[in-house]
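Here is a short briefing to read alongside the model. Please keep the sequence and the 3D view open as you go.

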Amino acid sequence: MTPDILLAGAGLANGLIALALRAARPDLRVLLLDRAAGPSDGHTWSCHDPDLSPEWLARLKPLRRGNWSDQEVRFPRHARRLRTGYGSLDGAALARAVLDAGAQIRWNSDIVALDAQGATLACGTRIEAGAVLDGRGAQPSRHLTVGFQKFVGVELETDAPHGVPRPMIMDATVTQEDGYRFIYLLPFSSTRILIEDTRYSDGGDLDDDALAAASHDYARARGWTGAEVRRERGILPIALAHDAAGFWDDHATGAVPVGLRAGFFHPVTGYSLPYAARVADVVAGLPGAPTTDAARAAIRDFALARARQDRFLRLLNRMLFRGCAPERRYTLLQRFYRMPEGLIERFYAGRLTLADQLRIVTGKPPIPIGTAIRCLPERPLLKEDA
Ligand SMILES: Cc1cc2nc3c(=O)[nH]c(=O)nc-3n(C[C@H](O)[C@H](O)[C@H](O)COP(=O)(O)OP(=O)(O)OC[C@H]3O[C@@H](n4cnc5c(N)ncnc54)[C@H](O)[C@@H]3O)c2cc1C
(Lines give C-alpha, C1' and ligand atoms only; values in the text may rest on other atoms or scores of the structure.)
Protein backbone atom coordinates (compact mmCIF):
# COMPACT_ATOMS: atom_id res chain seq x y z
CA MET A 1 0.00 0.00 0.00
CA THR A 2 1.35 3.45 -0.89
CA PRO A 3 0.15 5.85 1.81
CA ASP A 4 -1.17 9.30 0.99
CA ILE A 5 0.51 10.62 4.13
CA LEU A 6 3.55 9.18 5.86
CA LEU A 7 4.04 10.22 9.47
CA ALA A 8 7.56 9.61 10.78
CA GLY A 9 7.18 8.79 14.49
CA ALA A 10 4.02 7.48 16.16
CA GLY A 11 4.14 9.78 19.18
CA LEU A 12 1.81 12.51 20.34
CA ALA A 13 1.94 14.96 17.41
CA ASN A 14 1.58 12.39 14.68
CA GLY A 15 -0.98 10.40 16.68
CA LEU A 16 -3.23 13.47 16.82
CA ILE A 17 -2.61 14.25 13.14
CA ALA A 18 -3.65 10.69 12.25
CA LEU A 19 -6.86 11.02 14.31
CA ALA A 20 -7.79 14.36 12.77
CA LEU A 21 -6.93 13.26 9.24
CA ARG A 22 -8.92 10.05 9.36
CA ALA A 23 -11.92 11.91 10.83
CA ALA A 24 -11.84 14.66 8.18
CA ARG A 25 -10.58 12.62 5.22
CA PRO A 26 -11.44 8.92 5.58
CA ASP A 27 -10.42 8.53 1.93
CA LEU A 28 -6.75 9.10 2.80
CA ARG A 29 -4.35 6.28 3.67
CA VAL A 30 -2.28 7.29 6.69
CA LEU A 31 0.84 5.38 7.74
CA LEU A 32 2.84 6.00 10.94
CA LEU A 33 6.34 4.54 11.31
CA ASP A 34 8.04 4.25 14.68
CA ARG A 35 11.27 2.65 15.79
CA ALA A 36 9.82 1.60 19.15
CA ALA A 37 8.37 -1.88 19.64
CA GLY A 38 5.00 -0.42 20.69
CA PRO A 39 3.40 2.56 22.39
CA SER A 40 5.39 4.11 25.22
CA ASP A 41 4.20 3.79 28.82
CA GLY A 42 6.69 6.51 29.73
CA HIS A 43 4.19 9.32 29.22
CA THR A 44 1.05 10.78 30.62
CA TRP A 45 0.03 13.58 28.28
CA SER A 46 -2.08 15.97 30.29
CA CYS A 47 -3.65 19.34 29.70
CA HIS A 48 -6.29 21.68 31.03
CA ASP A 49 -9.69 21.16 29.38
CA PRO A 50 -9.93 24.74 28.01
CA ASP A 51 -6.59 24.23 26.22
CA LEU A 52 -8.51 22.13 23.69
CA SER A 53 -11.22 23.07 21.24
CA PRO A 54 -14.64 21.57 22.08
CA GLU A 55 -14.15 19.08 19.22
CA TRP A 56 -10.79 17.90 20.51
CA LEU A 57 -12.02 17.71 24.09
CA ALA A 58 -14.95 15.55 22.94
CA ARG A 59 -12.56 13.35 20.92
CA LEU A 60 -9.95 12.88 23.66
CA LYS A 61 -12.05 12.80 26.82
CA PRO A 62 -13.28 9.22 26.34
CA LEU A 63 -9.70 8.09 25.62
CA ARG A 64 -8.13 9.70 28.66
CA ARG A 65 -6.85 7.70 31.56
CA GLY A 66 -7.91 10.42 33.97
CA ASN A 67 -10.53 13.18 33.78
CA TRP A 68 -10.89 15.60 36.68
CA SER A 69 -13.32 18.48 37.10
CA ASP A 70 -10.96 20.71 39.10
CA GLN A 71 -7.36 21.14 40.23
CA GLU A 72 -5.28 22.95 42.82
CA VAL A 73 -1.97 24.69 43.47
CA ARG A 74 -0.09 25.33 46.69
CA PHE A 75 2.65 27.90 47.44
CA PRO A 76 4.23 29.03 50.73
CA ARG A 77 1.87 32.04 50.95
CA HIS A 78 -1.04 31.07 48.71
CA ALA A 79 -3.14 28.01 47.98
CA ARG A 80 -6.02 27.76 45.56
CA ARG A 81 -8.51 25.36 44.07
CA LEU A 82 -9.39 26.09 40.45
CA ARG A 83 -12.57 24.86 38.77
CA THR A 84 -10.74 24.11 35.53
CA GLY A 85 -11.02 20.54 34.25
CA TYR A 86 -7.87 18.53 33.63
CA GLY A 87 -7.16 15.23 31.92
CA SER A 88 -4.43 12.74 31.02
CA LEU A 89 -3.93 10.52 28.01
CA ASP A 90 -1.43 7.68 27.73
CA GLY A 91 0.48 6.24 24.80
CA ALA A 92 -1.43 2.95 24.61
CA ALA A 93 -4.83 4.68 24.42
CA LEU A 94 -3.64 7.07 21.73
CA ALA A 95 -2.19 4.25 19.62
CA ARG A 96 -5.41 2.25 19.98
CA ALA A 97 -7.49 5.21 18.87
CA VAL A 98 -5.23 5.79 15.86
CA LEU A 99 -5.70 2.18 14.75
CA ASP A 100 -9.45 2.29 15.43
CA ALA A 101 -9.64 5.40 13.25
CA GLY A 102 -8.24 3.37 10.36
CA ALA A 103 -4.64 4.59 10.22
CA GLN A 104 -1.80 2.08 10.12
CA ILE A 105 1.11 2.00 12.58
CA ARG A 106 4.28 0.06 11.82
CA TRP A 107 6.33 -0.42 14.99
CA ASN A 108 10.00 -1.57 14.92
CA SER A 109 10.56 0.74 11.94
CA ASP A 110 13.75 2.68 12.53
CA ILE A 111 13.94 5.50 9.98
CA VAL A 112 17.50 6.14 8.87
CA ALA A 113 16.74 8.62 6.09
CA LEU A 114 13.73 10.86 5.61
CA ASP A 115 12.97 13.28 2.80
CA ALA A 116 10.01 15.03 1.19
CA GLN A 117 9.07 11.91 -0.77
CA GLY A 118 9.44 9.16 1.80
CA ALA A 119 11.42 7.23 4.41
CA THR A 120 14.16 4.65 4.31
CA LEU A 121 14.21 2.16 7.16
CA ALA A 122 17.25 0.56 8.80
CA CYS A 123 16.28 -2.74 7.11
CA GLY A 124 16.64 -1.00 3.71
CA THR A 125 12.91 -0.76 2.91
CA ARG A 126 11.89 2.46 1.17
CA ILE A 127 8.35 3.81 1.63
CA GLU A 128 7.12 6.76 -0.41
CA ALA A 129 4.05 8.96 0.06
CA GLY A 130 2.36 12.08 -1.27
CA ALA A 131 3.08 14.01 1.93
CA VAL A 132 5.76 13.30 4.55
CA LEU A 133 5.73 14.77 8.07
CA ASP A 134 8.53 14.39 10.62
CA GLY A 135 7.31 13.97 14.20
CA ARG A 136 10.34 12.13 15.60
CA GLY A 137 10.56 14.22 18.76
CA ALA A 138 12.60 17.21 19.92
CA GLN A 139 15.79 18.30 18.25
CA PRO A 140 17.97 21.26 19.33
CA SER A 141 17.72 24.29 17.04
CA ARG A 142 19.96 27.35 16.83
CA HIS A 143 16.75 29.32 16.37
CA LEU A 144 15.46 28.41 19.80
CA THR A 145 17.08 29.35 23.12
CA VAL A 146 15.73 27.38 26.04
CA GLY A 147 15.71 26.82 29.77
CA PHE A 148 14.53 23.47 31.07
CA GLN A 149 11.66 21.89 32.91
CA LYS A 150 13.05 18.64 34.29
CA PHE A 151 11.14 16.01 36.15
CA VAL A 152 11.01 12.44 37.34
CA GLY A 153 7.61 11.02 38.19
CA VAL A 154 6.94 7.83 40.12
CA GLU A 155 3.53 6.22 39.99
CA LEU A 156 2.63 4.50 43.24
CA GLU A 157 -0.02 1.94 44.09
CA THR A 158 -0.58 2.97 47.68
CA ASP A 159 -1.37 0.52 50.48
CA ALA A 160 -4.25 2.72 51.66
CA PRO A 161 -6.23 5.51 49.95
CA HIS A 162 -3.91 8.48 49.49
CA GLY A 163 -6.72 11.01 49.97
CA VAL A 164 -5.77 13.31 47.07
CA PRO A 165 -9.04 14.16 45.29
CA ARG A 166 -7.78 16.19 42.34
CA PRO A 167 -4.59 17.03 40.41
CA MET A 168 -2.11 19.17 42.29
CA ILE A 169 -0.60 21.14 39.43
CA MET A 170 2.09 22.67 41.62
CA ASP A 171 2.88 22.05 45.27
CA ALA A 172 5.68 24.58 45.68
CA THR A 173 5.76 24.36 49.46
CA VAL A 174 8.73 21.99 49.10
CA THR A 175 12.35 23.18 49.53
CA GLN A 176 13.39 25.24 46.51
CA GLU A 177 16.34 23.57 44.72
CA ASP A 178 17.90 23.77 41.25
CA GLY A 179 15.59 26.62 40.18
CA TYR A 180 11.82 26.64 40.68
CA ARG A 181 10.88 23.33 42.29
CA PHE A 182 7.43 21.86 42.82
CA ILE A 183 5.66 18.53 43.12
CA TYR A 184 2.95 17.61 40.59
CA LEU A 185 0.36 15.03 41.63
CA LEU A 186 -2.10 13.10 39.47
CA PRO A 187 -4.47 10.84 41.41
CA PHE A 188 -5.54 8.20 38.87
CA SER A 189 -7.58 6.32 41.47
CA SER A 190 -7.98 6.36 45.24
CA THR A 191 -4.84 4.19 45.54
CA ARG A 192 -2.94 5.12 42.37
CA ILE A 193 -1.01 8.38 42.20
CA LEU A 194 1.72 9.93 40.06
CA ILE A 195 4.16 12.01 42.10
CA GLU A 196 6.46 14.14 39.99
CA ASP A 197 9.36 16.20 41.34
CA THR A 198 9.79 19.06 38.86
CA ARG A 199 12.41 21.79 38.45
CA TYR A 200 12.63 24.83 36.20
CA SER A 201 16.39 24.97 35.76
CA ASP A 202 19.03 26.67 33.67
CA GLY A 203 20.87 23.40 32.95
CA GLY A 204 19.46 20.36 31.14
CA ASP A 205 21.19 17.69 33.25
CA LEU A 206 18.81 15.39 35.10
CA ASP A 207 19.77 13.27 38.11
CA ASP A 208 17.06 10.61 37.78
CA ASP A 209 17.88 8.82 41.03
CA ALA A 210 17.89 12.04 43.06
CA LEU A 211 14.53 13.24 41.69
CA ALA A 212 12.92 9.81 42.01
CA ALA A 213 14.17 9.68 45.61
CA ALA A 214 12.73 13.16 46.18
CA SER A 215 9.33 11.99 44.87
CA HIS A 216 9.45 8.99 47.23
CA ASP A 217 10.45 11.30 50.12
CA TYR A 218 7.42 13.46 49.37
CA ALA A 219 5.20 10.34 49.44
CA ARG A 220 6.66 9.26 52.78
CA ALA A 221 6.16 12.75 54.22
CA ARG A 222 2.48 12.53 53.20
CA GLY A 223 2.25 9.13 54.90
CA TRP A 224 1.87 7.14 51.68
CA THR A 225 3.44 3.71 51.47
CA GLY A 226 3.14 1.32 48.55
CA ALA A 227 4.81 -0.03 45.44
CA GLU A 228 6.23 1.98 42.54
CA VAL A 229 4.49 0.67 39.39
CA ARG A 230 5.71 3.10 36.72
CA ARG A 231 8.24 5.84 36.24
CA GLU A 232 8.49 8.71 33.78
CA ARG A 233 11.17 11.29 33.14
CA GLY A 234 11.40 14.38 31.02
CA ILE A 235 13.64 17.29 30.15
CA LEU A 236 11.31 19.70 28.37
CA PRO A 237 12.40 22.87 26.59
CA ILE A 238 11.14 26.18 28.00
CA ALA A 239 11.40 28.82 25.26
CA LEU A 240 13.31 31.99 26.13
CA ALA A 241 13.77 33.16 22.54
CA HIS A 242 12.54 31.78 19.23
CA ASP A 243 13.10 32.79 15.62
CA ALA A 244 10.39 30.80 13.87
CA ALA A 245 11.09 32.35 10.45
CA GLY A 246 14.75 31.31 10.71
CA PHE A 247 13.71 27.78 11.71
CA TRP A 248 11.38 27.43 8.72
CA ASP A 249 14.00 28.87 6.34
CA ASP A 250 16.20 25.96 7.44
CA HIS A 251 13.32 23.55 6.73
CA ALA A 252 12.30 24.83 3.30
CA THR A 253 12.93 21.35 1.87
CA GLY A 254 12.69 17.79 3.19
CA ALA A 255 10.00 16.25 5.37
CA VAL A 256 7.89 18.79 7.28
CA PRO A 257 8.70 18.95 11.01
CA VAL A 258 5.80 18.75 13.49
CA GLY A 259 5.52 18.32 17.26
CA LEU A 260 8.40 19.26 19.56
CA ARG A 261 10.69 18.96 16.55
CA ALA A 262 9.04 22.07 15.08
CA GLY A 263 8.98 23.96 18.38
CA PHE A 264 5.25 23.42 18.85
CA PHE A 265 4.98 23.59 22.61
CA HIS A 266 3.67 26.02 25.20
CA PRO A 267 6.69 28.23 25.90
CA VAL A 268 6.23 28.24 29.69
CA THR A 269 5.15 24.65 30.38
CA GLY A 270 6.88 22.76 27.57
CA TYR A 271 3.58 20.89 27.07
CA SER A 272 2.73 20.18 23.46
CA LEU A 273 -0.65 18.42 23.46
CA PRO A 274 -2.83 21.51 22.81
CA TYR A 275 -0.50 22.82 20.10
CA ALA A 276 -0.34 19.36 18.52
CA ALA A 277 -4.14 19.30 18.30
CA ARG A 278 -4.16 22.66 16.51
CA VAL A 279 -1.49 21.52 14.03
CA ALA A 280 -3.50 18.34 13.43
CA ASP A 281 -6.48 20.51 12.43
CA VAL A 282 -4.25 22.41 10.00
CA VAL A 283 -3.10 19.15 8.36
CA ALA A 284 -6.63 17.73 8.26
CA GLY A 285 -7.80 20.92 6.54
CA LEU A 286 -5.42 20.60 3.59
CA PRO A 287 -7.45 20.51 0.37
CA GLY A 288 -7.25 17.78 -2.26
CA ALA A 289 -4.50 15.19 -2.26
CA PRO A 290 -2.04 16.40 0.39
CA THR A 291 1.54 17.06 -0.69
CA THR A 292 4.62 17.73 1.39
CA ASP A 293 4.88 21.26 0.02
CA ALA A 294 1.23 22.11 0.73
CA ALA A 295 1.60 20.75 4.27
CA ARG A 296 4.80 22.78 4.75
CA ALA A 297 3.15 26.02 3.63
CA ALA A 298 0.14 25.56 5.91
CA ILE A 299 2.15 24.43 8.95
CA ARG A 300 4.72 27.19 8.46
CA ASP A 301 1.94 29.81 8.40
CA PHE A 302 0.53 28.36 11.60
CA ALA A 303 4.02 28.33 13.18
CA LEU A 304 4.79 31.95 12.36
CA ALA A 305 1.43 33.14 13.70
CA ARG A 306 1.86 30.99 16.83
CA ALA A 307 5.38 32.31 17.46
CA ARG A 308 4.08 35.89 17.23
CA GLN A 309 1.27 35.13 19.69
CA ASP A 310 3.72 33.48 22.09
CA ARG A 311 6.11 36.45 22.27
CA PHE A 312 4.74 37.54 25.64
CA LEU A 313 5.07 34.02 27.10
CA ARG A 314 8.72 33.94 26.09
CA LEU A 315 9.20 37.32 27.78
CA LEU A 316 7.75 35.87 30.98
CA ASN A 317 10.25 33.03 30.70
CA ARG A 318 13.13 35.46 30.34
CA MET A 319 11.94 37.24 33.48
CA LEU A 320 11.71 33.88 35.27
CA PHE A 321 15.03 32.48 34.12
CA ARG A 322 17.16 35.60 33.58
CA GLY A 323 15.48 38.17 35.83
CA CYS A 324 14.97 36.20 39.00
CA ALA A 325 17.34 34.36 41.35
CA PRO A 326 16.65 30.61 41.08
CA GLU A 327 15.46 30.28 44.69
CA ARG A 328 13.03 33.22 44.23
CA ARG A 329 11.42 31.96 40.99
CA TYR A 330 8.48 30.47 42.85
CA THR A 331 7.37 33.99 43.90
CA LEU A 332 6.48 34.81 40.27
CA LEU A 333 4.22 31.76 40.03
CA GLN A 334 2.75 32.43 43.46
CA ARG A 335 1.82 35.94 42.31
CA PHE A 336 0.49 34.65 38.98
CA TYR A 337 -1.86 32.22 40.72
CA ARG A 338 -3.61 35.15 42.43
CA MET A 339 -4.91 36.29 39.02
CA PRO A 340 -8.51 35.66 37.86
CA GLU A 341 -9.30 32.08 36.90
CA GLY A 342 -10.19 33.03 33.31
CA LEU A 343 -6.80 34.67 32.83
CA ILE A 344 -5.04 31.56 34.18
CA GLU A 345 -7.01 29.41 31.75
CA ARG A 346 -6.15 31.69 28.83
CA PHE A 347 -2.48 31.62 29.87
CA TYR A 348 -2.32 27.82 29.66
CA ALA A 349 -4.33 27.78 26.44
CA GLY A 350 -1.94 30.31 24.84
CA ARG A 351 -4.79 32.79 24.35
CA LEU A 352 -3.84 35.74 26.58
CA THR A 353 -5.45 39.03 25.60
CA LEU A 354 -3.57 42.32 25.67
CA ALA A 355 -5.50 43.23 28.84
CA ASP A 356 -4.39 39.93 30.42
CA GLN A 357 -0.78 40.67 29.53
CA LEU A 358 -0.96 44.12 31.08
CA ARG A 359 -2.54 42.70 34.20
CA ILE A 360 0.29 40.17 34.57
CA VAL A 361 3.07 42.74 34.37
CA THR A 362 1.49 45.68 36.20
CA GLY A 363 0.87 46.22 39.89
CA LYS A 364 3.58 45.43 42.41
CA PRO A 365 6.42 44.39 40.08
CA PRO A 366 7.45 40.77 40.59
CA ILE A 367 11.04 41.68 39.73
CA PRO A 368 12.85 45.07 39.83
CA ILE A 369 11.80 47.26 36.92
CA GLY A 370 15.39 47.68 35.67
CA THR A 371 15.82 43.91 35.54
CA ALA A 372 12.47 43.52 33.75
CA ILE A 373 13.54 46.03 31.10
CA ARG A 374 16.78 44.12 30.52
CA CYS A 375 14.66 41.00 29.84
CA LEU A 376 12.65 42.69 27.06
CA PRO A 377 14.81 42.09 23.98
CA GLU A 378 14.60 38.58 22.56
CA ARG A 379 17.10 38.74 19.68
CA PRO A 380 20.32 38.94 21.74
CA LEU A 381 19.52 35.57 23.32
CA LEU A 382 19.25 33.99 19.88
CA LYS A 383 22.63 35.43 18.92
CA GLU A 384 24.15 33.73 22.03
CA ASP A 385 23.30 30.37 20.50
CA ALA A 386 23.94 31.13 16.84
C1 LIG B 1 7.62 11.98 30.50
C2 LIG B 1 7.01 13.11 29.74
C3 LIG B 1 5.78 13.61 30.14
C4 LIG B 1 5.18 14.65 29.43
N5 LIG B 1 3.98 15.11 29.85
C6 LIG B 1 3.33 15.99 29.08
C7 LIG B 1 2.01 16.35 29.41
O8 LIG B 1 1.49 15.94 30.44
N9 LIG B 1 1.34 17.19 28.57
C10 LIG B 1 1.91 17.67 27.43
O11 LIG B 1 1.26 18.39 26.66
N12 LIG B 1 3.19 17.40 27.15
C13 LIG B 1 3.91 16.56 27.93
N14 LIG B 1 5.19 16.24 27.61
C15 LIG B 1 5.88 17.03 26.59
C16 LIG B 1 5.56 16.68 25.14
O17 LIG B 1 4.22 16.95 24.87
C18 LIG B 1 5.86 15.22 24.85
O19 LIG B 1 7.25 15.03 24.88
C20 LIG B 1 5.31 14.72 23.52
O21 LIG B 1 5.41 13.34 23.50
C22 LIG B 1 6.02 15.34 22.32
O23 LIG B 1 5.35 14.92 21.17
P24 LIG B 1 6.10 14.61 19.80
O25 LIG B 1 5.09 13.99 18.93
O26 LIG B 1 6.83 15.80 19.35
O27 LIG B 1 7.22 13.52 20.18
P28 LIG B 1 7.01 12.03 20.78
O29 LIG B 1 5.66 11.88 21.38
O30 LIG B 1 8.20 11.82 21.67
O31 LIG B 1 7.10 11.11 19.52
C32 LIG B 1 8.27 10.89 18.80
C33 LIG B 1 8.24 9.47 18.28
O34 LIG B 1 9.23 9.34 17.26
C35 LIG B 1 9.81 8.08 17.37
N36 LIG B 1 11.12 8.14 16.71
C37 LIG B 1 12.19 8.87 17.05
N38 LIG B 1 13.20 8.66 16.18
C39 LIG B 1 12.74 7.78 15.26
C40 LIG B 1 13.31 7.15 14.13
N41 LIG B 1 14.57 7.41 13.72
N42 LIG B 1 12.56 6.29 13.41
C43 LIG B 1 11.28 6.00 13.78
N44 LIG B 1 10.69 6.56 14.87
C45 LIG B 1 11.41 7.43 15.60
C46 LIG B 1 9.89 7.83 18.86
O47 LIG B 1 10.00 6.44 19.14
C48 LIG B 1 8.58 8.43 19.33
O49 LIG B 1 7.54 7.48 19.42
C50 LIG B 1 5.83 15.22 28.31
C51 LIG B 1 7.08 14.73 27.94
C52 LIG B 1 7.66 13.69 28.64
C53 LIG B 1 9.02 13.19 28.20
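What follows covers two sheets, a pair of packed helices and a few residues with positive phi.

This is a predicted model, in which local features need pLDDT of at least 70 and side-chain atom pairs count only at pLDDT 80 or more, while totals for chains, interfaces and linings use all residues. Residues are numbered from 1 along each chain as its sequence is written, and side-chain values use heavy atoms, with hydrogens and water left out. Helices (H or I, at least four residues) and strands (E, at least two) are DSSP runs, numbered from the N terminus.

**The parallel sheet**

- Five strands make an open sheet in the order 8-2-1-12-18, and the pairing is parallel; two strands count as paired if DSSP finds at least two bridges between them.
- At the edges sit strand 8 and strand 18 (256–257), each pairing on one side only.
- Strand 1 (residues 5–8) runs parallel to strand 2 and is joined to strand 2 by 4 bridges, with L7 having L32 as its bridge partner.
- Between these two strands the chain passes through helix 1 (residues 12–24), giving a right-handed β-α-β crossover; right-handed means that, with the strands pointing away from the viewer, the path from the first strand over the helix to the second runs clockwise.
- On strand 2 (residues 30–33), V30 and L32 point one way, L31 and L33 point the other way, and all are buried (under 20% relative accessible area; exposed is over 50% and partly exposed in between, with a 1.4 Å probe and protein chains only).
- In a regular strand, side chains alternate between the two faces of the sheet.
- Strand 2 also pairs with strand 8 (residues 104–106) in the parallel sense, over 3 bridges, and here L31 has Q104 as its bridge partner.
- Strand 12 (residues 131–134) and strand 18 run parallel and share 2 bridges, with L133 opposite V256.

**The antiparallel sheet**

- A second open sheet has 3 strands in the order 9-10-11, with antiparallel pairing.
- Its edge strands are strand 9 (111–114) and strand 11 (126–128), each of which pairs on one side only.
- Strand 9 and strand 10 (residues 118–121) run antiparallel and are joined by 3 bridges; A113 stands opposite T120.

**Helices**

- Helix 8 (residues 311–322) packs with helix 11 (residues 354–361) at an angle of about 10°, their axes 12 Å apart.
- Axes here are lines fitted to C-alpha atoms, for helices over the stretch in contact, and angles run from 0 to 180 degrees between N-to-C directions.
- Helix 8 and helix 11 are therefore roughly parallel to each other, a term for angles under 35 degrees.
- F312, L316 and M319 of helix 8 meet Q357, I360 and V361 of helix 11, where contact means heavy atoms within 4.5 Å.
- Helix 10 (residues 341–349) has as its buried residues E341, L343, I344, F347, Y348 and A349.

**Positive phi**

- G350 follows helix 10 and has a positive phi, near 70°.
- N108, a residue other than glycine, has a positive phi near 55° and lies in the loop between strand 8 and strand 9.
- N108 counts as exposed because its relative accessibility is 59%.
- D178 is not glycine either, and its phi is positive, near 55°; D178 lies in the loop between strand 14 (168–171) and strand 15 (180–189).
- At 43% relative accessibility, D178 counts as partly exposed.

Definitions and conventions. Parallel < 35°, antiparallel > 145°, perpendicular 65-115°, else oblique.
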